[in-house]
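Student: I have a model open and want to learn to read it. Where do I begin?

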Amino acid sequence: MISVDISNVWGQIALPDLLAMESEVAAAHETLMEGTGPGAEYRQWLNLPSREPNPEMFRILLAAERIRNDSEVCVVVGIGGSCLGARAAVELLQGQHHNIGKGKGNPKIFFAGNSVSTRHWNELMRLLDGKDFSVVVISGAGAALEPAIAFRSLRWILERKYGTEAARKRIYAVTDPADGALRQMAEEENWESFAVPAGIGDGFAVLTAAGLLPMAVAGIDIAQVLEGAAEAEENYALRSFENPVWLYAAVRNLLYRGGKAIELLEAFEPGFRMFGLWWQQLFGGAEGKDGRGLFPAAAELTEDLHSLGQLIQEGQRNLFETMVRFAYPEGSPVIGGDWKDLDGLNYLEGKTLAFVEEKAYLGTVAAHTDGGVPVIIMECGELNERTLGELFYFLELCCGVSAYLLWVNPFHQPGVEICQQNLLRLLGKPGCE
């Protein structure tokens, strides 16, 4: 079970204020679970985790196995929450360099459709040159322009490389169960398709085929991911401050009310950077409306201490940190000695890298709290598929509760549509003048 340590926030908030929030948090949790608040029709993600095998799970595993067997590369096309969860999972569990050494039987995973950058597209074309590849395209009923353009181009390449019939067997669509252009195309072209169940928005879709199919292609045990999420569903149903969901949601909202406008999510793992971007879209999309909401930002430690560290330490006192911690893996390397000791590191001889990381963590927390920055610690235990599933569900639940504490609808993003409509108008799409 994830634990939330708030010992480094006292002084910024007071115990009576936290206890006074109990009724508010209880009401927000009740609103989410009972579906009595705005956006209630988009709460189906609450019941996604399942320990029991089902036909959809078998289809996902079979499709993933086909992709692994016939492709050197799998291109996942999507934008925002619809594909960030899969990318977060792959990089957190397998590292930023997960593609090195991979090929047919264990394909490389590339992501497309998340920008309109010509340079990014040219790089993808170079990486696909001469490779057998398949495409997983993820899009809701309201298809975004960026993935639509990327998919049209990739489909064109597939059809000319393999022929129209063979190309159909290399396209896998994840989309709305009934509506939208991608659903219509999948049915007309006879592509294998998977549905994101009705009542689940893109931001909360990581435990659907949108997240699970790319994870399975990457070799992640998705049954264990769902097992961890199912445990989270049971463990975090508790209605008291013994529930870390309540504690995290309450403290971050108290800090926000006290003038902390920015939350910086951090971990001492380079592979965490993409997970931080998934968290950004989740909380930013849920809370940022009606003139309210914390600004979610993510950082990787210790690297970002050498860029953002000065601002955190001595800049405006308008932020707080949430540090996500995982247990150290076995086999931490030992620092050796050097008879000249020109780098002055012999005092660390015989110490492990995990020892250094622990001291870096402790030193960072001490420095930042002394500098007036509250630090929430989120202890997650061993980093594996089960922990990942638990963390996904935990943060989704926290997000829903926290948004209702702000009295906003967590499940719509009207501001995003304004940018999309402006883009379509400037491109001259008929009907968008």
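The dialogue below goes through sheets, a buried strand, empty spaces and one helix residue.

Tutor: Keep in mind that this is a predicted model. Start with the sheets.

Student: In what order do the strands of the parallel sheet lie?

Tutor: Read across the sheet, not along the chain. Here 5 strands make an open sheet, and the order is β3-β2-β4-β5-β6. The pairing is parallel.

Student: Which strands stand at the edges?

Tutor: Look for strands with a single partner. They are β3 (108-112) and β6 (192-195). Each has one partner strand, so one side of each has no neighbour in the sheet. From one strand to the next, the twist averages 20°.

Student: Which helices pack against these strands?

Tutor: Take α4 (residues 81-94) to begin with. This helix packs on the sheet and touches β2 (73-77), β3 and β4 (133-139). Its direction makes about 150° with that of β3. Then take α8 (residues 181-189). Helix α8 lies across β4, β5 and β6, and runs at about 140° to β5.

Student: Now one strand in detail. How many bridges tie β5 to β4, and how many to β6?

Tutor: Count the bridges on each side. β4 and β5 pair in the parallel sense over 5 bridges. Strand β5 (residues 171-175) is joined to β6 by 4 bridges, again parallel.

Student: Which residues face each other across those pairings?

Tutor: Follow Val174. In β5, Val174 is the bridge partner of Ile138. Val174 also stands opposite Phe194 in β6. Next, Ala173 stands opposite Ser193 in β6.

Student: Is β5 mostly covered or mostly open?

Tutor: It is mostly covered, with 5 of its 5 residues buried. Check a strand face by face. On one side are Ile171, Ala173 and Thr175; on the other are Tyr172 and Val174. All of these are buried, so both faces of β5 count as covered.

Student: What about the sheet with mixed pairing: what is its strand order?

Tutor: It is an open sheet of 5 strands in the order β1-β10-β9-β7-β8. The edge strands are β1 (3-8) and β8 (295-300), each pairing on one side only. Its twist averages 25° from one strand to the next.

Student: Which way do β7 and β9 run relative to each other, parallel or antiparallel?

Tutor: Parallel. Strand β7 (residues 262-267) is joined to strand β9 (residues 319-325) by 6 bridges. For one pairing, find Glu266: its bridge partner in β9 is Met323.

Student: Which helices pack on this sheet?

Tutor: Helix α11 (residues 244-257) is one of them, touching β1, β7, β9 and β10 (375-379). Its direction makes about 40° with that of β1. Helix α12 (residues 273-287) lies across β7 and β8, and runs at about 175° to β8.

Student: How do I look for empty space?

Tutor: Rolling a probe the size of a water molecule over the atoms shows where space is left empty. In this model the count is 1 cavity of 30 Å³ or more. The largest cavity holds about 70 Å³ of space.

Student: Which residues line the largest cavity?

Tutor: Among them are Ala267, Phe268, Glu269, Arg325, Tyr328, Pro329 and Glu357. The lining divides into 7 nonpolar, no polar and 3 charged residues.

Student: And how much space lies in the second largest pocket?

Tutor: About 550 Å³. It is lined by 24 residues, and Phe268, Glu269, Tyr328, Pro329 and Glu357 lie nearest its centre. Two elements give two or more residues to this lining: α4 and α14 (353-370). The largest share, 5 residues, comes from α14. By type, the lining has 15 nonpolar, 4 polar and 5 charged residues.

Student: One last residue. Is Gln420 buried or exposed?

Tutor: Compare its accessibility with the cut-off. Buried means under 20% relative accessible area. Gln420 has 15%, so it counts as buried. Gln420 is found in helix α16 (residues 414-427).

Student: What does Gln420 contact beyond its neighbours in sequence?

Tutor: Leave aside residues within four places in sequence. Gln420 is then in contact with Ala144, Leu145 and Glu146.

Note on methods:
Residues are numbered from 1 along each chain as its sequence is written. This is a predicted model: local features need pLDDT of at least 70, side-chain atom pairs count only at pLDDT 80 or more; totals for chains, interfaces and linings use all residues. Side-chain values use heavy atoms; hydrogens and water are left out. Two strands pair if DSSP finds at least two bridges between them. Axes are lines fitted to C-alpha atoms, for helices over the stretch in contact, and angles run from 0 to 180 degrees between N-to-C directions. Contact means heavy atoms within 4.5 Å. On a 1 Å grid over the protein atoms alone, a cavity is a set of points where a 1.4 Å probe fits but cannot get out, and a pocket is an open set with protein on both sides within 12 Å along at least five of seven lines; lining residues have an atom within 4 Å of a point. Grid points are joined across faces, edges and corners, and a volume is the space filled by probe spheres set on the points. Ala, Val, Leu, Ile, Met, Phe, Trp, Tyr, Cys and Pro count as nonpolar, Asp, Glu, Lys and Arg as charged, and the others, Gly among them, as polar. Buried means under 20% relative accessible area, exposed over 50%, partly exposed in between (1.4 Å probe, protein chains only).
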